Amino acid sequence: MPKSIFIDPDQMRKPGLIQIDNIPMNQYKPDIKEELKLYGKSILRKIYYDMLLIREFETMLDIIKTKGSYQGISYKHQGPAHLSLGQESATVGMCINLEPEDYIFGSHRSHGEILAKCFTAIEKIKEEELIKIMKNYLNGSCLKIVEKNHQGELKDLAEDFILYGVLAEIFGRKDGFNRGMGGSMHAFFVPFGSMPNNAIVGGSADISVGAALFKRINRKSGIVIGSIGDGAMGCGPVWEAISLSAMEQFHTLWDKEIGGAPPILFNFFNNFYGMGGQTYGETMGFQYLARIGAGVNSQNMHAERVDGYNPLAVADAVNRKKKILLSGQGPVLLDTITYRFSGHSPSDASVYRSKKEVQSWQEVDGIEGYRKYLEKHGLLDESESWEMKDKVEKKVKHITQLATSLEISPRVTGEFMESVMFSNQSLDKTEERKSELLIKENENSRVQSIAKKARYFQAENGKEIPKMRQFTYRDALFEAMLYRFTQDPAMVAFGEENREWGGAFGVYRGLSESLPYHRLFNTSISEGAIAGSGAGYAMSGGRAVVELMYCDFMGRAGDEIFNQISKWQAMSAGLLKMPLVVRVSVGSKYGAQHSQDWTSLVAHIPGLKVMFPATPYDAKGMLNLALRGTDPVLFFESQRLYDIGEQFITEGVPVEYYEVNEGKPVIRREGKDLTIISIGATLYRALEAAQELEEKYQVSAEVIDLRFINPLHYQLLVDSATRTGRVLLTSDACERGSFLHNVASNLSQLVFDHLDGPVVVLGSRNWITPAAELEEIFFPQKEWIIDIIHERILPLPGHEVSTTQDTKEIIRRNQSGV
Ligand SMILES: Cc1ncc(C[n+]2csc(CCOP(=O)(O)OP(=O)(O)O)c2C)c(N)n1
Ligand SMILES: [Mg+2]
């Protein structure tokens with residue numbers, strides 16, 4: 001299906017003026033008759049109660065943190081407490097009109113949001129369902145703690161359950177909502193629509209977009225709110241998230257039946273500060289945050305400034321925006337003004353703002369203002385409000401007693417932590433329905449052309465088959481992708497140029513014939529949001545494959561890869577899965593910013609699986625493995641390899657489905673004198689070197705292709721090194737800090753008694769990658785491999801070195817930092 005939007009030069013060159021519609025600010029007009037009609041007396045009172053309860057919860061944490069004791073309960077809380085005292089009206093208001101299936105994601109300051117969202121859900125969920133959720137959550141262990149000696153109604157018990165689940169999480173306890181693996185800044189409770197909260201400023205923006213994509217693409221009900229602070233408006237990934245969420249293709253190219261844009265509301269809790277920086281008048285230039293909407297699309301993102309000091313104003317805005325979002329007309333931006341009375345954290349002395357300013361906001365406190373409003377209209381009297389205050393104090397005290405006691409609330413063990421780093425499952429489909437495909441698999445023209453190709457690089461007579469007719473590494477990746485698209489209806493792939501172009505290197509070429517736009521699409525040039533929304537999509541229950549054109553662009557998606565994709569399974573205590581494959585192409589020939597192998601960076605990050613196939617057989621078998629798993633995989637590919645045919649599996653790359661065993665390296669050439677271990681495209685230079693070692697020096701080198709970086713099985717490496725007693729490791733990654741040093745260090749320890757020489761690492765030089773014409777003096781070459789073996793491991797009689805790899809040279813290089 002070719003793209004059909006015509007860009008008309010006459011239209012584009014026409015003079016004119018861009019008209020920008022007005023952006024409303026604080027337009028809510030209280031009308032008690034209407035409000036009573038909409039919510040009823042009991043909910044209007046409940047709003048006050050919820051605000052009080054959140055205030056008491058946060059006050060307790062503040063006192064615990066600063067004084068070490070609350071209502072006679074002594075406790076030292078070591079972790080953070082970013083409190084939202086003063087912001088309760090904004091958070092409660094946001095949640096009043098949300099249903100349990102609506103998702104909220106938040107920031108480091110989100111205790112109030114979790115509580116408010118869950119309290120609203122308790123109101124809306126039927127009692128039997130409520131019991132079921134509490135009984136099933138963490139096998140009922142959290143419920144058991146609060147139901148002991150509990151008297152009263154089920155909803156009251158559910159409230160305790162929420163308060164305890166959040167507080168025990170903040171205190172790092174086993175029966176906290178995420179078994180203490182998330183803690184204060186990351187607690188959440190999915191069954192009530194409270195999704196992960198992020199300690200990275202703005203981190204929730206692109207994850208929320210991914211969740212909204214999941215809802216839209218899979219026709220799930222509800223909207224997604226990504227709540228972040230005003231300070232987050234300065235973060236690149238937030239702008240990227242907004243760009244991606246506002247792509248016009250949702251209206252212009254996607255099937256109408258999908259329903260339009262993802263239902264995402266970016267809710268900025270605008271308290272005018274990002275730590276000590278004032279976003280109004282100092283660190284940002286927007287003056288009114290809502291203005292940002294005007295730059296994004298012609299609807300101004302339906303942006304509004306809302307008075308977060310009136311919960312009903314926020315509730316009204318969310319309600320109106322929800323309709324827009326459900327009709328596919330998002331994204332929406334809310335500039336919800338609020339103020340935090342407390343410091344950024346309890347250690348904050350508030351030196352960046354005046355006492356007068358804090359007092360002025362305290363004088364118009366949203367909770368007090370709302371109480372007066374209810375009293376004025378006869379919906380609450382003074383004694384009732386005191387009763388409520390008394391009740392919330394007792395409740396918070398009780399929960400604090402439970403959550404601070406190590407006897408009642410123990411911590412998890414190291415074994416548990418280890419068990420949740422990966423989910424290690426195989427899942428054919430993430431949703432139960434038929435996969436949407438535009439044509440049958442065998443009607444796809446690429447499938448038809450691949451069918452004519454030779455799946456082994458040589459003919460029976462031993463002659464190499466012409467390149468054009470070889471089934472390549474690129475074809476192998478295509479086959480794995482298409483297969484999984486047919487199996488998993490909720491699988492999507494996106495990135496820059498993913499559709500007609502077929503991904504930067506044509507891996508997907510032809511896939512657009514088979515897949516509708518909502519399953520394969522181009523995105524804005526937003527690597528952070530591409531990776532982050534992939535994470536949001538995956539954690540919401542789907543499977544995503546995102547592509548980063550060049551490994552060097554991982555830097556742009558740094559937070560998403562290092563902090564988000566890698567950590568949410570473990571931070572959720574294994575409750576969330578992350579079936580996400582990030583395809584990363586390792587370049588060459590394009591100089592310093594397009595040619596680096598950064599496998600070592602991700603090898604260092606716990607929580608990621610890292611793979612790097614070097615042959616078509618592995619490309620297909622390993623991508624099959626990654627695409628059926630439930631863990632995040634950084635899947636490295638090499639631009640040097642896309643065009644190669646299969647040279648090792650003589651039967652050829654199977655047409656049928658197969659998987660390569662996870663973590664297992666493979667011997668590519670057997671030998672007895674020396675083991676050469678390679679990662680990625682360096683394999684082929686290692687094999688050339690092994691050939692020359694054999695022919696010229698009668699040294700028999702075993703060549704092992706590591707294939708996997710994490711997890712990695714060492715046994716085959718240990719066996720080989722034990723047999724040969726000599727090990728050289730090589731890859732195209734720069735030598736300093738290369739993952740190969742880890743393998744070398746482990747092997748040195750594991751086979752120390754059998755070694756006849758040092759375990760040596762040969763990488764690229766510790767320079768920038770030079771222009772294509774100079775690459776031979778940068779990347780490891782066959783000659784370097786032989787030279788380093790000669791100089792450091794096994795002298796080769798008569799060998800004349802062309803490079804210096806001796807001790808003096810290694811010391812010199814390190815001394816110069818190169
Ligand atoms: C990427 C990143 N940079 C800096 C920080 C440190 N930090 C934590 S909160 C914060 C201020 C955030 O301001 P805002 O987004 O307005 O949220 P608020 O604290 O006002 O709720 C900063 C700078 C961080 N956690 N993440
Ligand atoms: Mg702020």
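Are Asp230 and Tyr273 buried or exposed? Asp230 is buried, and Tyr273 is buried as well. Keep in mind as you look around that this is a predicted model.

Those two residues make a good starting point, since they help hold a metal. The magnesium ion (ligand 2) is coordinated by Asp230 through OD, Asn271 through OD1 and Tyr273 through O, at 2.0 to 2.1 Å. Asp230 sits in the loop between strand E5 (224-229) and helix H9 (236-245), while Tyr273 belongs to strand E7 (residues 273-274). With their positions 43 residues apart in the chain, the pair links distant parts of it. If you like patterns, the donors of this magnesium ion (ligand 2) are spaced as D-x40-N-x1-Y along the chain.

Now let's turn to charged side chains. Side chains of opposite charge can pair when their charged atoms come close. In this model the count comes to 55 salt bridges, and three of them are worth a visit here.

Start with Asp160 and Lys395, whose closest N and O atoms are 2.6 Å apart. Asp160 lies in helix H7 (residues 154-170) and Lys395 in helix H15 (residues 382-404), so this salt bridge ties together parts that are 235 residues apart in sequence. Buried here means under 20% relative accessible area. Asp160 has 4%, so it counts as buried, and Lys395, at 7%, is buried too.

Next, find Arg668 and Asp618, which also form a salt bridge, with 2.6 Å between the closest N and O atoms. Because Arg668 is in strand E17 (residues 666-669) and Asp618 is in helix H24 (residues 616-628), the pair ties together parts 50 residues apart in sequence. Arg668 counts as buried at 14% relative accessibility, and Asp618 does so at 1%.

The third stop is Asp732 with Arg685, whose side chains meet in a salt bridge at 2.9 Å, N to O. Here a strand is linked to a helix: Asp732 is in strand E21 (residues 727-734) and Arg685 in helix H25 (residues 682-697). The two residues are 47 apart, and they link distant parts of the chain. Asp732 is buried, with a relative accessible area of 9%, and Arg685 is buried with 12%.

Finally, which residues do salt bridges with shared partners join into one network? They are Asp156, Glu159, Asp160, Lys391 and Lys395. That brings us back to Asp160 and Lys395, the pair from our first salt bridge stop.

How values were computed. Residues are numbered from 1 along each chain as its sequence is written. Chains are lettered from A and ligands numbered from 1 in the order in which they are written. This is a predicted model: local features need pLDDT of at least 70, side-chain atom pairs count only at pLDDT 80 or more; totals for chains, interfaces and linings use all residues. Side-chain values use heavy atoms; hydrogens and water are left out. Donors are N, O and S atoms within 2.8 Å of the metal (3.2 Å for Na, K and Ca); water is not among the atoms, so sites may look incomplete. Helices (H or I, at least four residues) and strands (E, at least two) are DSSP runs, numbered from the N terminus. Buried means under 20% relative accessible area, exposed over 50%, partly exposed in between (1.4 Å probe, protein chains only). A salt bridge is a side-chain nitrogen of Lys or Arg within 4 Å of a carboxyl oxygen of Asp or Glu.
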